[in-house]
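Me: I should like to learn how the features of a structural model are read. Please take them one at a time, with the general idea before the case.

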Amino acid sequence: MLKSLRNQLVIAIGVVVSLFAILQGVSSYQFCVAGMSAVLDLRMEQVASRLRAGFAEGIPTFPARGSQDARDIFIVIWKDGETQPVRSTEASLRLPRDAATGFTSPVVNGEGWRLYTGRESDQTIQVAQRLSVRHEIEEAAATKTLWPIIVLIPLVWIAVIVVVSRSLRELNRLGNEAQVIDVNHLHALPLAGVPTELLPFIRSINRMIERLGRSIESERKFISDAAHELRTPLTALQLQADNLQRDIVPSNQESFRALQGGITRSSNLISQLLRLARADAPPVGESMARATESVDIPAAVVSAISDVLPIAMQRGIDIGADEMASASVRAAGLDVATVIKNLVSNAVRYTPDGGKIDLSTRVQNATVDIEVKDTGPGVDETLLPRVFDRFFRANTEIEGSGLGLSIVKAIVTRYGGTVTLRNRSDGQSGIVATVSFLIDPNKAA
Ligand SMILES: Nc1ncnc2c1ncn2[C@@H]1O[C@H](COP(=O)(O)OP(=O)(O)OP(=O)(O)O)[C@@H](O)[C@H]1O
Ligand SMILES: [Mg+2]
């Protein structure tokens, strides 16, 4: 949780402010208790001085027991030469007559008291109050000083969370923008609204994206150029080999066929590399918009089936279409044809003789799904996630370049679609390959 910058800032600022508030609370509480105690002392001192100034007549000479409220101030007046108090507000209260002059805190009748003793030539005036009552008064006053802090601490936390979250919102937005950056969507992060402290960081990320884009582009160009350059000599080689066939002596025919096979495999690899380079090229706005057309999906499926029909019939594979919902997608016709052709050619290639291949198209909300289902051996579940990797082949017994599904993925991603490959779940072995394209909004039913 503390890996989050937001949480770190919120907790650090919140804890520091709370600690300050608690310290402030404790000190103002203590200050208030001490102040209140001084005020209560002053009051007792004032009562004593009034009594000295002749107000003692109001204090009873024979007080009743327990007539005074426990919270009151108690008064006892002693005259020199008398053993009993001459005046007292409470008969049962035995204050220590010999207590030191000024303030003391004696224990009387098992209770703590605050006692003020004033001495004159012929009399001793004692004013007392229970310590428990004083504490109650002091605490009540001091607690009131804590209210602003009790209310303030949660408010400060809320303010810190709001301020920190607002400051980091820009960072979250940049994070989301950066998350969608991949080989096919390389774009600079926007600088508008970015806090000044983050600008150098975002600028260097943008420079890195630019460098990455250039190196990916030059890699793509290299693959495409190399494939182009290789295609011409390979075609010439194939032609020369075909011309030579007549002159090969029967004992060399087998080696010669192996040589021809090698040339064919190399040509296929070069063709797949070229298709991949084309599929990988970033969508170049204008030219892409011009190259796209409304492609009828059922027609593309039928065309892919008719391409492989001769070889399927030769191998006794029953290939056909069942459910065929009509839909069109906005794309380059060649791209859609390449996608379907690669999936169908996989199904034909990996399904044993006498198998069955079903194609279907289904419309779901804004997308059209094209499904190719075969009765082949399927793919080991552990290898399934890698089938879209370049040059990855799950089955090395059957020839292939391992690029077909990478080409499909690259094309489908360019158009914002998806492709999945899974083993059949209806008890039979086989693969279900599904591509989803967005339906052409102009042709939607
Ligand atoms: N329908 C399928 N049934 C069984 N395995 C499949 C199927 N489709 C793909 N695979 C496995 O996935 C691997 C990758 O497929 P991909 O189409 O990318 O390459 P490839 O068929 O080997 O070569 P390429 O298509 O480039 O000629 C294949 O080698 C194969 O092992
Ligand atoms: Mg393939």
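Reply: We may begin with solvent exposure: a residue is called buried when its relative accessible area is under 20%, exposed when it is over 50%, and partly exposed in between. The model shown here is a predicted one.

Me: By that rule, is Lys-356 buried, exposed or partly exposed?

Reply: Lys-356 has a relative accessibility of 36%, so it counts as partly exposed. Its salt-bridge partner is Asp-358, with 2.9 Å between the closest N and O atoms. Asp-358 has a relative accessible area of 17% and is therefore buried.

Me: How is a salt bridge recognised, and how many salt bridges does the count come to?

Reply: The rule asks for a side-chain nitrogen of Lys or Arg within 4 Å of a carboxyl oxygen of Asp or Glu. By this rule the count comes to 17 salt bridges. One of them joins Asp-353 and Arg-315, whose closest N and O atoms are 2.7 Å apart.

Me: Why can the pair of Asp-353 and Arg-315 be said to tie parts of the chain together?

Reply: One looks at where each partner sits. Asp-353 belongs to the loop between α7 (333–350) and β10 (356–364), and Arg-315 to the loop between α6 (297–314) and β8 (318–324), so the salt bridge ties together parts that are 38 residues apart in sequence. The partners fall into separate exposure classes: Asp-353 is exposed, at 58% relative accessible area, and Arg-315 is partly exposed, at 21%.

Me: Which strands are linked by the pair of Glu-323 and Arg-362?

Reply: Glu-323 lies in strand β8 and Arg-362 in strand β10, 39 residues apart, so that distant parts of the chain are linked. Their side chains meet in a salt bridge of 3.3 Å, N to O. Glu-323 is partly exposed at 41% relative accessibility, and Arg-362 is partly exposed as well, with a relative accessible area of 29%.

Me: Into how many domains is the protein divided, and where are their bounds?

Reply: A domain assignment gives the bounds of each part. Here the protein is divided into domain 1 (5–137), domain 2 (196–280) and domain 3 (286–438). Between the C-alpha centres of domain 1 and domain 2 the distance is 100 Å.

Me: How should one read a nonpolar core, and which members of the largest one touch the most other members?

Reply: A nonpolar core is a set of buried residues of kinds such as Ala, Val, Leu, Ile and Phe, joined through side-chain atoms within 4.5 Å. The largest such core has 56 residues, and those that touch the most other members are Ile-340, Val-344, Leu-359, Val-435 and Phe-437. Domain 2 and domain 3 each contribute at least three residues to this core. Apart from it lies another core, of 12 residues, including Leu-51, Ala-56, Ile-59 and Ile-75.

Me: What does Val-344 contact, leaving aside its neighbours within four places in sequence?

Reply: With those neighbours left aside, Val-344 is in contact with Ala-304, Val-308, Ile-319, Leu-359 and Val-372.

Me: How does one distinguish a cavity from a pocket?

Reply: In a cavity a probe fits but cannot get out, whereas a pocket is open. The search of the whole structure finds one cavity of 30 Å³ or more, and the largest cavity holds about 60 Å³ of space. Among the residues that line this cavity are Arg-275, Leu-334, Asp-335 and Ile-407. Helices α4 (253–280), α7 and α8 (404–414) each supply at least two residues of its lining.

Me: Which element gives the most to the lining of the largest pocket?

Reply: That element is α7, with 11 residues. The volume of the largest pocket is about 1100 Å³. It is lined by 46 residues, of which Asn-342, Ser-345, Asn-346, Arg-349 and Tyr-350 are the closest to its centre. Each of α4, α6, α7, α8 and β13 (431–438) supplies at least two residues of the lining.

Me: Finally, which backbone angle deserves attention at Asn-365 and Phe-391?

Reply: The angle is phi, with attention to positive values in residues other than glycine. Phi of Asn-365 is near 50°; Asn-365 is in the loop between β10 and β11 (367–373) and is exposed, with a relative accessible area of 80%. Phe-391 has a positive phi of about 65° and is placed in the loop between β11 and α8.

Terms used: Residues are numbered from 1 along each chain as its sequence is written. Chains are lettered from A and ligands numbered from 1 in the order in which they are written. This is a predicted model: local features need pLDDT of at least 70, side-chain atom pairs count only at pLDDT 80 or more; totals for chains, interfaces and linings use all residues. Side-chain values use heavy atoms; hydrogens and water are left out. Buried means under 20% relative accessible area, exposed over 50%, partly exposed in between (1.4 Å probe, protein chains only). Contact means heavy atoms within 4.5 Å. Helices (H or I, at least four residues) and strands (E, at least two) are DSSP runs, numbered from the N terminus. On a 1 Å grid over the protein atoms alone, a cavity is a set of points where a 1.4 Å probe fits but cannot get out, and a pocket is an open set with protein on both sides within 12 Å along at least five of seven lines; lining residues have an atom within 4 Å of a point. Grid points are joined across faces, edges and corners, and a volume is the space filled by probe spheres set on the points.
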